[in-house]
Amino acid sequence: MAEPPTAAIHPVQQPITGDEEMGDLTQPTQALAQFYRAFNRRSLDLIDANFAPTDEVAIDNPVGGIRRGRQQPHLMYEKIFKSPADVKVEFWDYTIHLTGEVFLAVGRERGSYLAGGQRSDLSIRTSRVFRRYDGKWRQIHHHGSIDDPNMLAAFQKAV
């Protein structure tokens, strides 16, 4: 049996920061820009608009652990936004995988946060899954991992 053909996917190096034009949220990069705008501007209203209105939402990251349900993004990001850490990140080195009504974004976040009056670097492996609702992309899953154990411990302490 022959192997199916594979196409090389080249990761995008231009970061998504949240300062991009969000348009009508019908394109995957617009939905990603909405999330990073919400995060970097500490907007719970935009977080709520970005995540899907379903209890199928699942988040697994270094700050909140595993959380499931429609209210969990709001609760977790509220904790981060209220912390003195002033976390800022951008999404880069990513690929987008689209199949029907779902897309997966796989890449890296880089940024910084405030701890003890000093800025510290942050590097997170990140994946996000979005589903189309009424023609617009809404996030249903996020996973983030910090590989460096010292960076992870310092970040968790800061937030």
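Select Phe91 and Glu109: Glu109, in strand 4, is the bridge partner of Phe91. Strands here are DSSP runs of E of at least two residues and helices are runs of H or I of at least four, numbered from the N terminus. This is a predicted model, in which local features need pLDDT of at least 70, side-chain atom pairs count only at pLDDT 80 or more, and totals for chains, interfaces and linings use all residues. Residues are numbered from 1 along each chain as its sequence is written, and side-chain values use heavy atoms, with hydrogens and water left out.

Next, select residues 102-115, which are strand 4. Strand 4 runs antiparallel to strand 3, and 10 bridges join the two. Two strands pair if DSSP finds at least two bridges between them.

Now show the whole sheet. It is open, with 6 strands in the order 2-1-6-5-4-3 and mixed pairing. Select 65-68 and 88-99: these are strand 2 and strand 3, at the edges, and each has a single partner strand, so one side of each is left without a neighbour in the sheet. On average, neighbouring strands are turned by 20° against each other, direction ignored.

Move to residues 28-40, helix 1, which lies across strands 3, 4, 5 and 6 and runs at about 155° to strand 3. Contact means heavy atoms within 4.5 Å; axes are lines fitted to C-alpha atoms, for helices over the stretch in contact, and angles run from 0 to 180 degrees between N-to-C directions.

Finish with two loop residues. Arg42 sits between helix 1 and helix 2, has phi near 55° and is partly exposed at 29% relative accessible area. Asp134 sits between strand 5 and strand 6, has phi near 50° and is exposed at 82%. Buried is under 20% relative accessible area, exposed over 50% and partly exposed in between (1.4 Å probe, protein chains only).
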